[in-house]
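Colleague: I would like to learn how to read a structure like this one, feature by feature. Could you walk me through it at an easy pace?

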Amino acid sequence: MKFLEVDSLDLINTAFLWETSECVLTGRVEAYSCKSAGTDKKLFKTLENRYNTELLAPGSISPDDLQIISPFGRLTESAPRKTFFYLLATLNAAFPEHDFEDVRPDQFLKLPSFEMVMNSVNTTLFNLGNDVIVNKYRLWDVLDEIVQLNECDVYTYTPDVDDDPMNEEEGYLWSVNYFFFNRKLKRMIFFSIKSESLNGPTAEAIEEEGIDAIDDDNINSRRYHDDFLMDDLD
């Protein structure tokens with residue numbers, strides 16, 4: 001995945017670090033082109049080899065189970081496998097200190113529409129006192145210019161608690177993450193917000209220590225994340 005330098009996203013990210021009376025919130029929004037780099041090609045080859053071994057090898061899986069359904073479609077077809085690969089490659093690019101090669105397809109959820117996600121994000125930002133990202137910095141207009149939101153599939157990633165690489169700091173409370181994928185443009189937007197207790201590092205400490213405002217999910221995150229989604233799906 002190739003990171004895309006977008007000035008309007010840089011401006012939005014400057015406002016993605018703030019405090020409430022109870023927590024410190026960090027977030028980021030990044031754009032990527034689905035152009036494979038050397039490490040991406042290695043990942044794709046590994047996933048394809050695993051697919052061929054586990055799904056297509058004689059006797060490895062019953063004919064009735066061959067058409068395995070995932071959030072991306074049937075994994076016996078190339079397009080769904082490529083979508084899965086692009087999401088893993090985005091995670092690897094967004095969190096280069098971690099390796100997401102072993103993430104399973106069922107750890108992603110495809111969401112009904114970008115409008116649902118937009119409404120949920122807006123509600124969260126407004127309730128937590130950061131409406132400027134939406135109203136002043138035009139979050140959704142900027143994203144639409146990059147990936148044409150109406151043409152995007154939207155996914156979220158829910159890692160296993162014990163293997164969650166994005167919950168490494170004291171005071172972690174919850175997080176949400178979204179992937180806006182435009183297959184035709186071959187572009188991906190990665191969006192995340194994370195909340196930490198005020199007993200953890202303050203916003204000033206984060207800036208002084210150069211800690212990236214970037215990570216995601218844990219047990220409380222998982223609980224909040226699921227409630228966050230289910231409220232809108234109901």
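Modeller: Gladly, and let's begin with the labels. Helices and strands are DSSP runs of at least four residues (H or I) and at least two residues (E), respectively, numbered from the N terminus. With that in hand, Gln148 can be placed in the loop between H6 and strand E7 (153–157). Please keep in mind that this is a predicted model.

Colleague: How many helices and strands does the protein have?

Modeller: There are eight helices and nine strands in the protein. For the overall picture, 47% of its 234 residues count as buried. The protein exposes about 11,600 Å², with 47% of that supplied by carbon and sulfur atoms. As for contacts between residues at least 6 apart in sequence, 73% of them join residues at least 24 apart.

Colleague: Back to Gln148, then. What is its phi?

Modeller: The general idea first: most residues other than glycine have a negative phi. Gln148 is not a glycine, yet it has a positive phi of about 55°. With a relative accessibility of 34%, Gln148 counts as partly exposed, because that value falls between the 20% and 50% limits. Arg138 also has a positive phi of about 55° and is not a glycine. You will find Arg138 in the loop between helix H5 (132–135) and helix H6 (139–147). Its relative accessible area is 37%, so Arg138 is partly exposed.

Colleague: Now the aromatic rings. How many aromatic pairs are there?

Modeller: A pair of aromatic rings is described by the distance of the centres and the angle of the planes. Here the count comes to 18 aromatic pairs. In one of them, Phe44 and Phe85 have ring centres 5.1 Å apart and planes at 70°, so the pair is edge-to-face. This pair links distant parts of the chain, with Phe44 in helix H2 and Phe85 in helix H3, 41 residues apart.

Colleague: Are Phe44 and Phe85 buried or exposed?

Modeller: Phe85 counts as buried, because its relative accessibility is 3% and the limit for buried is under 20%. Phe44 is partly exposed, with a relative accessible area of 27%. Elsewhere, ring pairs link Phe72, Phe84, Phe95, Phe100, Phe108, Tyr155, Tyr157, Phe179 and Phe190 into a cluster.

Colleague: How should I read contacts, say for Val103? Which residues does Val103 touch?

Modeller: A contact here means heavy atoms within 4.5 Å. Leaving aside residues up to four places away in sequence, Val103 touches Phe84, Leu88, Phe108 and Tyr157. Three of those names may sound familiar: Phe84, Phe108 and Tyr157 belong to the ring cluster. Val103 lies in the loop between H3 and E6, and at 9% relative accessibility it counts as buried. From Val103 to Tyr157 there are 54 residues in sequence, and their C-alpha atoms are 9.6 Å apart in space.

Colleague: Where does Gln107 lie?

Modeller: Gln107 is in the loop between H3 and strand E6 (108–111). Its relative accessibility is 6%, so Gln107 counts as buried. Beyond residues up to four places away in sequence, Gln107 touches Asp102, Thr156, Tyr157, Thr158, Pro159 and Asp160. Take Asp160: it is 53 residues from Gln107 along the chain, while the two C-alpha atoms are separated by 7.7 Å.

Colleague: And what about Lys110: which residues does Lys110 touch?

Modeller: Lys110 sits in strand E6. With residues up to four places away in sequence not counted, Lys110 touches Pro71, Asp153, Val154 and Tyr155. Its C-alpha atom is 6.7 Å from that of Thr156, and the two residues are 46 apart in sequence. Lys110 has a relative accessible area of 41% and is partly exposed.

Colleague: Last topic, pockets. Which helices supply at least two residues of the lining of the second largest pocket?

Modeller: Those are helix H2 (38–56) and helix H3 (78–94). H2 gives the most to this lining, with four residues. About 200 Å³ of space lies in the second largest pocket. Among its lining residues are Met1, Thr39, Lys42, Asn92, His98 and Glu101. By class, the lining has five nonpolar, three polar and four charged residues.

How values were computed. Residues are numbered from 1 along each chain as its sequence is written. This is a predicted model: local features need pLDDT of at least 70, side-chain atom pairs count only at pLDDT 80 or more; totals for chains, interfaces and linings use all residues. Side-chain values use heavy atoms; hydrogens and water are left out. On a 1 Å grid over the protein atoms alone, a cavity is a set of points where a 1.4 Å probe fits but cannot get out, and a pocket is an open set with protein on both sides within 12 Å along at least five of seven lines; lining residues have an atom within 4 Å of a point. Grid points are joined across faces, edges and corners, and a volume is the space filled by probe spheres set on the points. Ala, Val, Leu, Ile, Met, Phe, Trp, Tyr, Cys and Pro count as nonpolar, Asp, Glu, Lys and Arg as charged, and the others, Gly among them, as polar. Buried means under 20% relative accessible area, exposed over 50%, partly exposed in between (1.4 Å probe, protein chains only). Accessible areas come from the Shrake-Rupley method with a 1.4 Å probe; for residues, only the protein chains shown count as cover. Rings of Phe, Tyr and Trp (its six-membered ring) pair if their centres lie within 6.5 Å; planes under 30 degrees apart count as stacked, over 60 as edge-to-face and the rest as tilted.
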